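Please look through the structure below before reading on. The paragraphs after it go through the packing, the sheet and the confidence of the model.

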Amino acid sequence: MNAFQNSRYLVLKHCYFLNSARYQHPRQYKSALELLCDASQPEAAHDSAAREQTLETIPSTRYPGFIDILMSWSIQKHTAPPVALITTPKSDLAQLYAERLEGHLAATYFLSDICSNNPTHFVPTIALQLVTRSPAFDKTLNGIIHRNPTILTKSLKIQFRDLILTPLEDLMARDVDLPGVVIVDGFDRFLPRARREILRAVATAVDDGIPLRWVFFSRRVLESYLLLYLTSSKVLKPTHDFHFISMWTLHTYTVGHHVGSKWGLGRVMRWVPTVSKEKLDGPLISDAPVGKDELLKSVGLYKVQGDAVAAVMGAIYEQFGASVAHRAFHTRVLPHLLLDGKNGGLPLVFHDEVREICERMGGAESDLTKAPEATTESSQ
């Protein structure tokens, strides 16, 4: 189009024209909520459509009355410990608990076959649900993301600090009511490093006095009870590495050697060695304990015994419940893992405390089905 079409008496002096055109389109920015949605995993929420389909294949809980205990714990904001780690068979217990919480529920993260166990989704998913439940949280978080959208690409530790801790601290400073309980189901599906990072982040929130309560549902009895002990230990230090302690203490060979052998599992198991009959029938290389240990390890005995110990603990939990399994762990398993630290076992700093707990729960010869009268203990 001619720029001077229909013009009259127009005089132009000392000018020139360029035959080019540039158009500036307004840049489209995503809102903080949209960015958060992109980084989260909405199907991990307990009320998602994907979760509804999964529930059809999940068995009903055998302990519906346990929900009342959890509900009582949920509202004791300043008296009960703010973190609960619950080992349970696969069931709808966590789902029923989330539905009962209603107004006390802050967020849920339910890991299942339909959800990725990539921990990068964890914090954004929790933060997204907090946004939908608290307008004040939404306003604070919106400003944080707009100032630094790259926060959604940072490590879990930094995301937890900036997307959860900072907004909640702001709400606390302004005396704004905070949502109550975060439920994580299928916690054992995360890789060990991710579990460690999440627990450390939650421990930071607890140390900062954030009145948010966390419930972790897991399926692995041995590791769950060890992590439960560590998080409540009086001698735990910030430098302690949960992942290393768990791996070093509960390595299959270590458990099989020191717990399985004490239980006498090798005399009752039926298994096939990993070496030939000729090697087993041959003379032992050395009569020293080290030589025998190496041979038993090479034939697979300790690994099989370790798996058997885990299976027995799982069976105890399934048959007798969490309290009995909890006592079995502290009186029949963990005391046998108080080693010198050179070849596995629990670090020395925890030994005295573990022995005290064992005695408080009745000792190694106690009846596991009967709680000691002088002991007040929780299996959660």
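Leaving aside residues up to four places away in sequence, Phe-160 touches Val-123, Leu-165, Ala-201, Val-202, Ala-205 and Trp-214. In this predicted model, Phe-160 belongs to the largest nonpolar core, which has 82 residues. Phe-160 is listed there among the residues with the most contacts inside the core, together with Phe-122, Phe-216, Tyr-229 and Leu-346. Helix H9, residues 221-232, supplies the largest share of this core, 8 residues. A second core, separate from that one, has 18 residues, including Phe-66, Met-71, Tyr-97 and Ala-98.

Next comes the sheet. Its 4 strands are arranged in the order E1-E4-E3-E2, with parallel pairing, and the sheet is open. Strand E1 (83-87) and strand E2 (105-110) each have a single partner strand, so these two stand at the edges and one side of each is left without a neighbour in the sheet. From one strand to the next the twist averages 10°. The parallel pairing of E2 with strand E3 (residues 181-185) runs over 5 bridges, and Thr-108 stands opposite Ile-183 in E3. Helix H5 (residues 122-133) lies across E2, E3 and strand E4 (213-218), and runs at about 150° to E2.

How far does the confidence extend? The protein chain has a mean pLDDT of 82, with 84% of its residues at 70 or more. The pLDDT is below 50 over residues 284-290, a stretch with 5 contacts in the model beyond near neighbours in sequence. Residues 375-380 also have pLDDT below 50, and this stretch has 18 such contacts. Where pLDDT is low, the predicted coordinates should not be read in detail.

Technical notes
Residues are numbered from 1 along each chain as its sequence is written. This is a predicted model: local features need pLDDT of at least 70, side-chain atom pairs count only at pLDDT 80 or more; totals for chains, interfaces and linings use all residues. Side-chain values use heavy atoms; hydrogens and water are left out. Two strands pair if DSSP finds at least two bridges between them. Axes are lines fitted to C-alpha atoms, for helices over the stretch in contact, and angles run from 0 to 180 degrees between N-to-C directions. Contact means heavy atoms within 4.5 Å. pLDDT is the predictor's confidence in each residue, from 0 to 100. A nonpolar core is a set of buried Ala, Val, Leu, Ile, Met, Phe, Trp, Tyr and Cys residues joined through side-chain atoms within 4.5 Å. Buried means under 20% relative accessible area, exposed over 50%, partly exposed in between (1.4 Å probe, protein chains only).
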